[in-house]
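The following exercises introduce a protein model together with its ligand. Please study the sequence and the structure shown below, and attempt each task before reading its solution.

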Amino acid sequence: MEPQEIGTLEANLQRVRMRIRAACERVGRSEGDVRLIAVTKYTTVEVMRALIALGVEDIGESRVQDTAPKRAVLGAAHTRWHLIGHLQRNKVAKALELYDVVHSLDSARLGDELDRRSTRPVEALIQINVAGESSKGGLHPDELGRLLEHAARWESVRVRGLMTIAPRADDSAKAELRSVFAQLRELRDEMNRGGRFETQLVHLSMGMTQDYELAIEEGATLVRVGSALLEGLENSVRSTN
Ligand SMILES: *Cc1c(COP(=O)(O)O)cnc(C)c1O
């Protein structure tokens with residue numbers, strides 16, 4: 001990357017971090033409770049290397065086949081790799097080699113397969129389809145209790161929280177987005193009440209470029225931000241996905 005491009009990337013990263021901090025302050029949360037996951041599915045290894053050099057510790061990718069060559073070059077030292085896209089069962093073994101956290105666990109069968117094949121602890125978040133959009137993956141909120149009961153048998157898979165993808169902002173008012181995030185938080189809190197399940201759900205993975213500040217105001221602990229980091233870097237952005 002040209003020095004000028006690195007400057008642009010650094011300014012973008014600082015702006016996102018500043019907005020995260022401001023959103024935390026608005027609702028009296030501590031900045032340290034929110035982790036920025038830099039979503040790099042659109043971009044190149046060079047940009048990813050620069051992000052890591054600028055202090056990014058969490059990388060989000062949506063497809064196994066795209067992550068493999070990137071991770072082969074960048075390695076795992078000081079970086080946590082998050083799978084944020086749908087995982088097919090036939091890619092589980094490969095995914096376990098690549099990711100530290102799977103955000104898209106959405107069925108008992110997928111969890112069973114992850115657990116059966118994993119030789120080390122793997123963190124997972126259960127993806128919930130809060131808004132009931134047919135185009136999106138994720139479990140219906142009513143199915144979560146049953147999956148958490150099932151999860152008690154997993155030895156390697158540790159369910160650490162919930163993830164959701166909000167509807168597109170173009171189609172939804174801000175109040176609707178806020179309500180989606182609030183529903184995910186309430187669902188988490190409901191599951192944690194009364195020690196019904198072995199695992200306590202800690203994380204809420206919610207919010208992307210269009211809505212991460214709103215998501216933080218509603219309790220996000222992990223925000224997945226891609227486009228906002230790449231503004232002004234058109235040459236470094238792939239046109240796919
Ligand atoms: C691509 C993607 C993101 C990042 O989206 P931006 O709008 O570029 O910030 C976040 N979460 C998921 C699940 C994604 O697929």
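## Exercise 1: Polar partners of the ligand

An N or O atom in the side chain of lysine 41 lies 2.6 Å from an oxygen atom of the ligand. The model is a predicted one.

Task. Determine which polar atoms of glycine 226 and serine 227 approach the ligand, and how much of the ligand the protein buries.

Solution.
1. In glycine 226, the atom concerned is a polar backbone atom, 2.8 Å from an oxygen atom of the ligand.
2. In serine 227, a polar side-chain atom is found 2.5 Å from an oxygen atom of the ligand.
3. The ligand on its own exposes 390 Å², and 89% of that area is buried by the protein.

## Exercise 2: The surroundings of the ligand

Task. State which residues surround the ligand, sort the shell by class, and say which pocket the ligand takes up.

Solution.
1. The surrounding residues are Val39, Lys41, Tyr42, Ile84, Ile165, Met208, Thr209, Arg224, Val225, Gly226 and Ser227.
2. Sorted by class, this shell holds 6 nonpolar, 3 polar and 2 charged residues.
3. The ligand occupies the space of the largest pocket.

## Exercise 3: Two helix residues

Task. For asparagine 12, decide whether the residue is buried or exposed. Do likewise for glutamate 113, and locate each residue in its helix.

Solution.
1. Asparagine 12 belongs to helix H1, which covers residues 3–26.
2. Asparagine 12 counts as buried because its relative accessibility is 3%, and the cut-off for buried is under 20%.
3. Asparagine 12 and alanine 228 are separated by 216 residues in sequence, yet their C-alpha atoms are 6.7 Å apart in space.
4. Glutamate 113 is part of helix H5, residues 108–117.
5. With a relative accessible area of 14%, glutamate 113 is therefore buried as well.
6. The side chain of glutamate 113 also forms a polar contact with the side chain of arginine 116, at 3.3 Å.

## Exercise 4: A loop residue

Task. Describe where histidine 78 is located, what its phi value is, and why it is classed as it is in terms of accessibility.

Solution.
1. Histidine 78 sits in the loop that runs between helix H3 (64–74) and strand E3 (80–83).
2. The phi angle of histidine 78 is near 65°, which is a positive value in a residue other than glycine.
3. Histidine 78 has a relative accessibility of 73% and so counts as exposed, the cut-off for that class being over 50%.

Note on methods
Residues numbered from 1 in each chain as written. Predicted model: local features only at pLDDT ≥ 70, side-chain atom pairs only at ≥ 80, totals over all residues. Heavy atoms only, no water. Near = heavy atom within 4 Å. Polar contact = N/O pair within 3.5 Å; in protein donor to acceptor, adjacent residues only side chain to side chain. Areas by Shrake-Rupley, 256 points an atom, 1.4 Å probe, with all protein chains shown as cover. 1 Å grid on protein atoms, 1.4 Å probe; cavity = no way out; pocket = protein on both sides within 12 Å on 5 of 7 lines; lining within 4 Å. Sits in = over half its atoms within 2 Å of the grid points. Nonpolar A, V, L, I, M, F, W, Y, C, P; charged D, E, K, R; others polar. Helix = DSSP H or I, 4+ residues; strand = E, 2+ residues; numbered from the N terminus. Buried < 20%, exposed > 50% of the residue type's maximum accessible area, 1.4 Å probe, protein only.
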